[in-house]
Amino acid sequence: MNTRNDSIVCVTGASAGIGRAAAESFAREGARVIMMARRKEKLEQAARDVAHATGADILVRDVDVTDRDAVTHVFAALPDAWRDIDVLINNAGKALGLSPGYATTPEHLDGMLDTNVKGLLHVTGAVLPGMLERNRGHVINVGSTAGHWVYPGGTVYCATKHAVRALNEGLKMDVHGTAVRVTAVSPGLVETEFSLVRFEGDEEQASKVYANMTPLRAEDVADAMLWAATRPPHVNISEILMMCVDQSHAAMVHRHA
Ligand code: NAP
């Protein structure tokens, strides 16, 4: 991405957390940003905040990435000036619950698989053909340390993030011989709404995840995305695996006394 030339960046899951931070980071660098998520009001407020902080042009689209038809429609209906997406950030994702894999409820199973795996493919399927036609573009997939390791209670979530890692590698092969780039950014613990979503709004349980340690901030992950996107055009960063200093493995977190 040439950050001086008015690039168009599309971020899914941009109403909160890492996606919102990514929207702001790229907007600060001069990009025009399409922010997508389901919660319209929260998304619109996030977009106003990003526009106010950066002066960038922001386009908002409320869409559920699990709904393939809605995804197809939203991209097909983009205004002409916003169609040629340079950077797609596949960020929408979630963990639901901490059940053993075999006891995962149907709602949690569908929620994780449909968002983290199928949703990523729905959006990529709508955007990547245009990148290939233009022979220009960059797909950044948000993976996780959960794509490298499995931890107790994370069986299904970890399986989805292992799938994201496989998709990331496969997509790079799919675009082999073109100028399109594909990168995974795979963080460990980041303090966002992630744990609140996992524990269905239980703030006490969510806050324990980050107790007595210093997790990554959403902005740290956004920085890594921006770095990958601003390498010279012949450089493809395959994956950035990153954790805070207090974490050394998916299940190894140092808690300060
Ligand atoms: P977050 O604060 O909960 O943000 C998740 C975002 O995804 C929200 O904007 C949410 O917006 C959106 N989203 C969820 N389901 C969606 C759907 N079906 N369609 C469209 N948008 C949807 O969590 P986060 O930590 O920023 O997570 C972002 C990504 O990072 C996820 O892929 C997650 O797996 C990954 N990750 C997180 C961590 C961590 O510790 N936080 C670590 C490694 C990887 P709406 O609810 O408004 O749709």
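**Exercise 1. Describe the surface, dimensions and overall composition of the protein.**

Solution. The accessible surface of the protein comes to about 12,000 Å², and carbon and sulfur atoms account for 52% of that area. These values, like those that follow, are computed on a predicted model. Along the principal axes, the C-alpha atoms fill a box of roughly 50 × 35 × 35 Å. The next step is to set the radius of gyration against the globule rule: for 257 residues a compact globule would have a value near 18 Å, and the 17 Å found for the protein agrees with this. The secondary structure consists of eight helices and nine strands, and buried residues make up 50% of the 257 residues. Turning to contacts between residues at least 6 apart in sequence, 71% of them join residues at least 24 apart. As for charge, there are 25 positive and 31 negative side chains, and the centres of these two sets lie 3 Å apart.

**Exercise 2. Determine for helix 1 whether its span agrees with expectation, and whether it is enclosed or open.**

Solution. Begin with the span: helix 1 covers residues 17–28, and its 12 residues reach 17 Å from the first C-alpha to the last, close to the 16 Å expected at 1.5 Å a residue. Then consider burial, for which the cut-off is a relative accessible area under 20%. Nine of the 12 residues meet it, so helix 1 is largely enclosed by the rest of the structure. Among these buried residues are Ile18, Glu24 and Phe26, together with several alanines, including Ala21, Ala22 and Ala23. Finally, look beyond the end of the helix, where Gly30 follows with a positive phi near 105 degrees.

**Exercise 3. Carry out the analysis for helix 8, and identify what covers its buried residues.**

Solution. Helix 8 (residues 218–229) has 12 residues, which at 1.5 Å a residue should span 16 Å, and the 17 Å between its end C-alpha atoms agrees. Nine of its 12 residues are buried, which leaves the helix mostly covered; these include Asp220, Met225 and Leu226. The cover over the buried residues includes helix 1, as well as strand 4 (87–90), strand 5 (138–142), strand 6 (181–187) and strand 7 (239–242).

**Exercise 4. Classify His122 and Arg83 by accessibility, and list their contacts beyond four places in sequence.**

Solution. His122 is placed in helix 4 (residues 106–134), and its relative accessible area of 11% makes it buried. Once neighbours within four places in sequence are set aside, His122 is in contact with Val65, Thr66, Asp67, Arg68 and Val71. Arg83, by comparison, lies in the loop between helix 3 (68–76) and strand 4, and at 36% relative accessibility Arg83 counts as partly exposed. With residues up to four places away left out, Arg83 touches Phe75, Ala76, Ala77, Leu78 and Arg134. A further step concerns Arg83 and Val127, which are 44 residues apart in sequence while their C-alpha atoms are 8.9 Å apart in space.

**Exercise 5. Examine the backbone and setting of Asn135 and Asn212.**

Solution. As a reference point, most residues other than glycine have a negative phi. Asn135, although not a glycine, has a positive phi of about 50 degrees; Asn135 is located in the loop between helix 4 and strand 5, and its relative accessibility of 40% counts as partly exposed. Asn212 is likewise not a glycine and has a positive phi, of about 55 degrees, and its place is in the loop between helix 7 (203–209) and helix 8.

Conventions:
Residues numbered from 1 in each chain as written. Predicted model: local features only at pLDDT ≥ 70, side-chain atom pairs only at ≥ 80, totals over all residues. Heavy atoms only, no water. Helix = DSSP H or I, 4+ residues; strand = E, 2+ residues; numbered from the N terminus. Rg over C-alpha atoms; globule rule 2.2 N^0.38 Å. Buried < 20%, exposed > 50% of the residue type's maximum accessible area, 1.4 Å probe, protein only. Contact = heavy atoms within 4.5 Å. Areas by Shrake-Rupley, 256 points an atom, 1.4 Å probe, with all protein chains shown as cover. Lys, Arg positive; Asp, Glu negative; His and termini not counted. Charge placed at Lys NZ, Arg CZ, Asp CG, Glu CD. Expected span 1.5 Å × (residues − 1).
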